[in-house]
Amino acid sequence: MRKSEKVIITCAITGSIHTPTMSPYLPITPQEIIDQSVEAAEAGAAILHLHARDPIDGRPSADPELFMQFLPQIKQRCDAIVNITTGGAPGFTEDDRLAAPLRALPEMTSLNMGSMNFGIFGLADKYTEWKHPWEQPFLAASKRFAANHNFELIERIIRELGEGHGTKFEYECYDLGHLYNVAHFADRGLIKPPFLIQGIFGVLGGIGADLENLTLMKQTADRLFGNDYYLSAFGIGRPQMRFLTMSAMLGGNVRVGLEDSLMIGRGQLAKSNAEQVRKIRTILTELGIEIATPDEARRMLELKGQDRVAF
């Protein structure tokens, strides 16, 4: 892989899995998303990975108008790279997933690299009282439905956003097979290096959150992509910081954020996304590892730049 002279910190601000009941610090409204995004960027995040939520009850939303209530303000207040989801949330149609990215034409979007069981139903049994009636059924439904990221959809996203508008991708790989799917599209010439491979560990239905699996994923990516990719990785929940530290020590990059973990320590809720950014930045700095600025990350990933987005 391409070893990162400076580590890129991505911060996933809100996501679509955690619900308002789980943490009072999860950003829900456009203003909360703006404020937490800017604070995370000021703390050292070069990339902001963004979902939208209904400001009334916090449920995931694909509405482009909601995205446009926070994207321009984030761009005005910081120079971080904006990375919009194309994974969306359970129940979104393919058109839903593309609606906001095609409206905003960001420098980056996420791109899930394979259909999979995405088991979050365990969270439905952890709470006896819920702030909103949609939360428990939303989580429980993942026992019955798989996350659909078929080859046709992946190719559509690549062609409409990548070929059509110069957007690059955070290739989200929840298992080893997803690396081979990235290689498939690379071999066909539909995607070009450098690839940002985001290894995701600990989702039920994907590769487990064992540190040995991070080494295995890196070895597999090395065989498939040689020097054409940057590694990034994170573990869901409790293993978060261990995975981040190991990824950086292997020469890779890191992703934090309340999308991936609500905690800052054992039994302690993170009060903001920036708190997680500051924690991993401190760890890496103590290890003698430098942190990439947004412009340094743009050069590393060969992005089109803020002047070519539509917000």
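**Notebook: helix 4, cores, rings and odd backbone spots**

Started with helix 4 (residues 94-104), whose buried residues are Arg 97, Leu 98, Ala 100, Pro 101 and Ala 104. I take buried as under 20% relative accessible area, exposed as over 50% and partly exposed as in between (1.4 Å probe, protein chains only). These residues sit on the same side of helix 4 because they cover an arc of only 160° around the axis; the arc is that of the directions from the helix axis to the C-beta atoms. Textbook reminder: an α-helix has 3.6 residues a turn, so residues three or four places apart point the same way.

Note to self on provenance: this is a predicted model, so local features need pLDDT of at least 70 and side-chain atom pairs count only at pLDDT 80 or more, while totals for chains, interfaces and linings use all residues. Residues are numbered from 1 along each chain as its sequence is written, and side-chain values use heavy atoms, with hydrogens and water left out. Helices (H or I, at least four residues) and strands (E, at least two) are DSSP runs, numbered from the N terminus.

**Around helix 4**

What do the buried residues of helix 4 pack against? I found helix 2 (64-67), helix 3 (71-77), strand 6 (81-84), strand 7 (108-112) and helix 6 (151-165). Contact here means heavy atoms within 4.5 Å.

I also checked Leu 102, which is in helix 4 and is partly exposed at 31% relative accessibility. Leaving out residues up to four places away in sequence, Leu 102 touches Glu 160, Leu 161 and His 165. Its C-alpha is 9.0 Å from that of Ala 310, although the two are 208 residues apart in sequence.

Right after helix 4 comes Leu 105, with a positive phi near 50°. Leu 105 lies in the loop between helix 4 and strand 7 and is buried, at 15% relative accessibility.

**Other backbone oddities**

I keep in mind that most residues other than glycine have a negative phi, and most peptide bonds are trans. Glu 302 is not a glycine either, yet has a positive phi of about 60°. I located Glu 302 in the segment after helix 11 (294-301), partly exposed with a relative accessible area of 45%.

Pro 193 and Pro 194 are joined by a cis peptide bond, omega about 0°. Pro 194 belongs to the loop between helix 7 and strand 11 (195-201).

**Cores**

Next I pulled the nonpolar cores, meaning sets of buried Ala, Val, Leu, Ile, Met, Phe, Trp, Tyr and Cys residues joined through side-chain atoms within 4.5 Å. The largest has 59 residues, and Leu 48, Leu 50, Phe 70, Leu 71 and Ile 74 have the most contacts inside it. Helix 1 (residues 30-43) supplies the largest share of this core, six residues. I looked closer at Ile 74: beyond four places in sequence, it touches Ile 33, Ile 34, Ser 37, Leu 48, Leu 50 and Val 82. A second, separate core has 30 residues, including Ile 154, Phe 169, Ala 183 and Ile 207.

**Cysteines**

How many disulfides are there? With a disulfide taken as a pair of cysteine sulfur atoms within 2.5 Å, I count zero. The sulfur of Cys 11 has its closest cysteine sulfur 11 Å away, in Cys 78, which is too far for a bond. Cys 11 is buried at 0% relative accessibility, and Cys 78 is buried at 12%.

**Rings**

For aromatic pairs I use rings of Phe, Tyr and Trp (its six-membered ring) with centres within 6.5 Å; planes under 30 degrees apart are stacked, over 60 edge-to-face, and the rest tilted. The whole structure gives 10 such pairs. One of them, Phe 118 with Tyr 174, is edge-to-face, at 5.6 Å centre to centre and 70° between the planes. The pair links distant parts of the chain, 56 residues apart: Phe 118 is in the loop between strand 8 (116-117) and helix 5 (135-140), and Tyr 174 in the loop between strand 10 (168-173) and helix 7 (176-187). Tyr 174 is buried at 7% relative accessibility. Ring pairs also tie Phe 169, Tyr 171, Phe 195, Phe 225 and Tyr 229 into a cluster.

I then searched for charges over rings (NZ of Lys or CZ of Arg within 6 Å of the ring centre and within 35 degrees of the ring normal). Lys 75 lies over the face of Phe 311, 5.8 Å from the ring centre. Lys 143 lies over the face of Phe 121, at 5.4 Å.
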